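Work through the exercises below with the structure open. Try each task before reading its solution.

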Amino acid sequence: TARTGCVVAARMPWKERFVETGGGPVRVLELGERTAATVSLIHTHGFTVPPDREDVVFPFVRSALEHVHEQCGVHVVRYDTRSHGKSYHARDPSECTWPSLGAALLELADIVLGENAPFIASGLSMGTSAAVHATAQSPARILGLLLFLPPTMWSSRVAQREKYLLEVDKLKRNLEECDASEKGDTANKVVLFQAACDSDFPSKEELQACGFASIPVLMLARDNDNGHPLSTCDEIQAVHATSHLVMLDGVIESAAREGVEYDASIGAVDTFVRDVCKQKPGKL
């Protein structure tokens, strides 16, 4: 466990485009381009927090991603997962469960990077599970896992699931009463919250079977966050003894007068990404 930090530069412009997946159009944001000599990183956002909102609620994530592009030369991809942001809306909760999002991540990688291309899988909260599920489904493609604020899992998921079930019931009642103009958004929320109820990380046996412990893992977590408890990091470290944990206590301090942000995670992310890139010949 470590605490580290550095100053980050002003925000960068991301290139936006839409790609066609099996389910429908998905919005993609990119820094740099994929080449044979470039390592790519794909980041999956959190539950109901697509990139535009993630930038506001969790600004240290964008700072870290832009840093590894600028300083490590990594091609970085972000996207709106299905039923989020500007991407297509799924009709059934099964399309938005965490295993399905893991499969969707691999499909997107095929489209954006090339079939079966390897990449670093990054994620925030829900996105960490999508990244881990992608690893369980296709471990040879995952160069490393960068996990920001892993959410509840296994035993700690029970209480979270109960909260989401209450929200599903509330949303279904609202769906019967709301105006026609609101039905689409409310129906989409029903899909998302039901999918969250039906989701969890891969089991310990699944992680062991896919060779999870051989893949580099960096986790970034914080104290006193019930939705992203340190117990999840403990569970992951029990399966992956060499995974690394960085605490994000006081992660962001704005320094508006100087036009910079202090980010306690970037130093560790920089080191992790450089180490992963070194595993490929000719990188960094």
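The exercises go from the whole chain to the sheet and then to the helices that pack. The model is predicted.

**Exercise 1. The chain as a whole**

Task: State how many helices and strands the chain has, and what share of its residues is buried.

Solution:
- Step 1. Count the elements. The chain holds 9 helices and 11 strands.
- Step 2. Take the chain length. It is 284 residues, and 55% of them are buried.
- Step 3. Look at contacts with a separation of 6 or more. Of these, 77% join residues 24 or more positions apart.

**Exercise 2. The order of the sheet**

Task: Give the strand order of the open sheet and find which strands stand at the edges.

Solution:
- Step 1. Write the order. The open sheet has 8 strands, in the order 2-3-5-4-6-7-8-9, with mixed pairing.
- Step 2. Find the ends. Strand 2 and strand 9 (244-247) each have a single partner strand, so one side of each has no neighbour in the sheet.
- Step 3. Check the twist. Neighbouring strands are turned by 20 degrees against each other on average, direction ignored.

**Exercise 3. Strand 3 and its partners**

Task: Describe how strand 3 pairs with strand 2 and with strand 5.

Solution:
- Step 1. Start with strand 2 (residues 15-20). It runs antiparallel to strand 3, and 6 bridges join the two. Glu20 has Pro25 of strand 3 as its bridge partner.
- Step 2. Look at the link. Strand 2 and strand 3 form a hairpin with 4 residues between them. In the turn, Gly24 has a positive phi of about 155 degrees.
- Step 3. Turn to strand 5 (residues 75-79). It pairs with strand 3 over 4 bridges, again antiparallel. Leu31 has Val76 of strand 5 as its bridge partner.
- Step 4. Ask about burial. In strand 3 (residues 25-31), 6 of the 7 residues are buried, so the strand is largely enclosed by the rest of the structure.

**Exercise 4. The pairing of strand 9**

Task: Which way do strand 8 and strand 9 run, parallel or antiparallel?

Solution:
- Step 1. Strand 8 (residues 217-221) and strand 9 run parallel, joined by 4 bridges.
- Step 2. Pick out a pair. Ala221 stands opposite Met247 in strand 9.

**Exercise 5. Helix 2 on the sheet and on helix 9**

Task: Find what helix 2 touches in the sheet, and describe its packing with helix 9.

Solution:
- Step 1. Helix 2 packs on the sheet, and the strands it touches include strand 4 (40-44) and strand 6 (119-124). Its direction makes about 150 degrees with that of strand 5.
- Step 2. Helix 2 (residues 59-72) packs against helix 9 (residues 266-278) at about 45 degrees, with the axes 10 Å apart. That angle makes helix 2 oblique to helix 9.
- Step 3. The crossing is right-handed. Ser63, Ala64 and His67 of helix 2 are among the residues in contact, as are Ile266 and Val269 of helix 9.
- Step 4. By class, this contact has 6 nonpolar, 3 polar and 2 charged residues.

**Exercise 6. Helix 3 and helix 4**

Task: Describe how helix 3 crosses helix 4, and what classes of residue make the contact.

Solution:
- Step 1. The axes of helix 3 and helix 4 (residues 126-137) come within 7 Å and cross at roughly 70 degrees. This makes helix 3 roughly perpendicular to helix 4.
- Step 2. The crossing is right-handed. The contact includes Trp98 and Pro99 of helix 3 and Met126 and Ser129 of helix 4.
- Step 3. By class, the contact has 10 nonpolar, 4 polar and no charged residues.
- Step 4. Helix 3 (residues 98-113) also lies across strands of the sheet, running at about 140 degrees to strand 4.

Definitions and conventions. Residues numbered from 1 in each chain as written. Predicted model: local features only at pLDDT ≥ 70, side-chain atom pairs only at ≥ 80, totals over all residues. Heavy atoms only, no water. Axes fitted to C-alpha atoms, helices over the stretch in contact; angles between N-to-C directions. Parallel < 35°, antiparallel > 145°, perpendicular 65-115°, else oblique. Left-handed = near helix turned anticlockwise from the far one by under 90°. Contact = heavy atoms within 4.5 Å. Nonpolar A, V, L, I, M, F, W, Y, C, P; charged D, E, K, R; others polar. Buried < 20%, exposed > 50% of the residue type's maximum accessible area, 1.4 Å probe, protein only. Pairing = 2+ DSSP bridges.
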